[in-house]
Amino acid sequence: MKKWQTKEQLTDLLCTLVDYPSITGTDAEIAVVQYIHHLLSERTYFQDYPEHLSLEHLDDGRQLLSALVKKDSGTRDTLVLISHIDVVDVEDYGPYINLAFRPRELTAELSKSVDQLPKDAQRDIQTGNWLFGRGTMDMKAGLTLQLSMLEKAMNGQFTGNLLLLAVPDEEANSSGMLAALPVLKKWKEAEGLRLKAGLNCEPVFRRYPGDQGYYMYKGSIGKVLPGFYCYGKETHAGEPFNGINANLMISYLNQELELQEDFIETADDETTPPPVSLMNRDLKEKYSVQTPLSAISMYNVLFMKQSIQDMTSKLLQAANRAKEQIEKHYERKAEAFSKRSRNHFHSDLNVRVMLYEDLYKEAVDRHGEQEVLRRQNLLMNNREEGDRDFSTLLVQDLAYLCKDLAPMMVLFYSPPFYPSVSSKGHPLIEDVHDFVQQLFRDRHQMAVESIEFFPGLSDLSFIGPMTSRQKTRQLKMNMPIDEKGYTFDHDALHEITMPVLNIGPFGKDPHQWTERLELTYSFDVLPDVLTHAIERIFYQSSI
C-alpha cells in the first residue's frame, strides 16, 4: 500500500502532522507521537510484527516512538532515521496565531495580505509553491519524508533495515534523544542489528540572508550554555557607593561576551556565529529602593572543534576583563562624586571571578558537605523551576552560604549541551555524499553543496562521531543541575556511535512567523534522492 509517496500525499501527511500543536512541553507533544503510532499500527507490516513498533516513556511522562522495519530475519545492516516532533511557540504569529498550525488556511490567509509579509516571503507566496506554518519546515517535513521511506521499507524496497526514532524535546533540552540512546541499544542487542549510519532530515539552513543554496551536512554543530551568576552588595539607592549593583556587573559582562569575536571558530569555509545572550535579568522579585543584589546572564556559545577547556578559559578571560571595567567604573564615579559632594570617598572594590566548582568547594569547606547536600536536596524536593532557573537557584544558594566573598561572578553551565559531531572523512559517508551530489546533477540538474556542520543544532549530536574526544569532566563539575533532575551521562554518548548524514527539505525562516516549506524540492525531488541514498548506504555496507 502506498499512502505517502506522491507530492500531494506527502503534503496531506505534513498538514495532518502540523495540525498537532506540539509545542515543546505541551500535551500535544505527546498526542502527535501517539498519532504517528496509530498511523503505523494500521499498516500490515506492524500488524504482522507488532513488537517492532514501540512507545517509550520519558521520566516526565512524554513519549518517543521507535519503529523497526526489517528486510528479513537474517538482515542486520540498519539505517537509523532521526526526527523530532516538537516545535517552538507561536506567540510571534500575532493576529495569525490561530492559524499557525493550519498550513493551507494560513497560506491562503497570508495571500490576501501579501504586502504585510517581508519581501522575500512575498515573492515565495506568489509562486504558489510554498506552505506556511509552524513546523512545516522545522521539522515535520523531515518526519514526513522519513515516514515515506519507512513505507517503502514496509513494501520491501530496501535491502537493509530502517529504524525510525521520533522524539520530543529537541527544541529545548533534547531529553527525547537522550532517552532514545538506551532504546537504540536495546534494539541493537535484541534484534542483532548493525547500525550503519544515522540519517536526519533537518531542513536546509540559509548561510546568509538571501541565500538560495541547497545543502546537505556531514555532521552537526556543538553548543554549550554558560551562565554567570553576578552577586553584588546591596545598598539603599540613596547611598549607591556603599554597595555594588548586580545590574552594573552584568552590563559589563554583556559587553565582553555579546558577539565576542574570540569565540568565533573557523573550519575550512565554515564559521560559527559569535555568542549571544539568551537570558539577562536581575533576580530582584519586588520593587524597592534597595539595589538589586544578584543578576543572571546565559549565553549561546556554538563550537565545532574547540574543547570545553578552551571555551571555559575564554569565558573566564571575558569575566576578568569585565571585572576590571567594573572596578574602574566605580573608581571613576566615586572620584567624580567626591569632587561634587566635597566628601572624600575612595572605592576599593574587588570583584571575584570563580567557577561553580570553586564556590561549591568553598561552601563545603565552611559548612560541611552534609549541610550543602541537605540544602540542595531541599531545593530539589520543592522545585518548580525549569532547568535554567533551577541551575541559577542552586548557584544562588551556595553564594548565600559564602556571601562575604561578594561581589563575585560565578561561571557555571546549564543544559542543554550538544557535542560537536562530524563524519567528514568517513568512507561510507563520503561515498554516499559523492553519489548523492552526482544524483542531484544527473537526475535533477541541481547543485547541492556539502557542509560539514549542520548549523541549527540537531539530535545527531548524540549519536555521531565527536570532532574530538570531548573531555567533559569540567563541564560536568560546573553543571549545578547534574544528577539533580538532569543527568549528564558522558558514557551514554559513547555507547551508541555511528556515522551521520543530514539530507533535508528546503524551507525558510525557522522559528519565525514566516516559517515556510518549498514543496517541489522537498516533496518531488528529495524523496527520489533519499530513496537512492538509502539504497547506496546498504549497497556500500554489503561490499
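What joins the side chains of Glu 151 and Arg 43? In this predicted model, the two side chains are joined by a polar contact of 2.6 Å. Glu 151 is placed in helix H6, which comprises residues 140–154. The relative accessibility of Glu 151 is 0%, and the residue therefore counts as buried, the cut-off for this class being under 20% relative accessible area.

The side chain of Glu 151 also has a polar atom that lies 3.0 Å from the backbone nitrogen of Trp 4. When residues up to four places away in sequence are not counted, Glu 151 touches Met 1, Lys 2, Lys 3, Trp 4, Gln 5 and Arg 43. Trp 4 and Arg 43, described above for their polar atoms, are thus among the residues in this set of contacts.

A further element of the model is an open sheet of three strands, arranged in the order E4-E20-E19 with antiparallel pairing. The edges of this sheet are formed by strand E4 (130–132) and strand E19 (507–508), each of which pairs on one side only. In general, the strands of a sheet pair through backbone hydrogen bonds, in either a parallel or an antiparallel manner. Strand E20 (residues 516–518) and E4 run antiparallel and are joined by three bridges. Within this pair of strands, Trp 130 stands opposite Glu 518 of E20.

The sheet is also associated with a helix. Helix H16, spanning residues 519–542, lies across E4 and E20. With respect to E20, helix H16 runs at about 50 degrees.

Technical notes: Residues are numbered from 1 along each chain as its sequence is written. This is a predicted model: local features need pLDDT of at least 70, side-chain atom pairs count only at pLDDT 80 or more; totals for chains, interfaces and linings use all residues. Side-chain values use heavy atoms; hydrogens and water are left out. Two strands pair if DSSP finds at least two bridges between them. Helices (H or I, at least four residues) and strands (E, at least two) are DSSP runs, numbered from the N terminus. Contact means heavy atoms within 4.5 Å. Axes are lines fitted to C-alpha atoms, for helices over the stretch in contact, and angles run from 0 to 180 degrees between N-to-C directions. Buried means under 20% relative accessible area, exposed over 50%, partly exposed in between (1.4 Å probe, protein chains only). A polar contact is a pair of N or O atoms within 3.5 Å; within protein, one must be able to donate a hydrogen and the other to accept it, and residues adjacent in sequence count only if both atoms are side-chain atoms.
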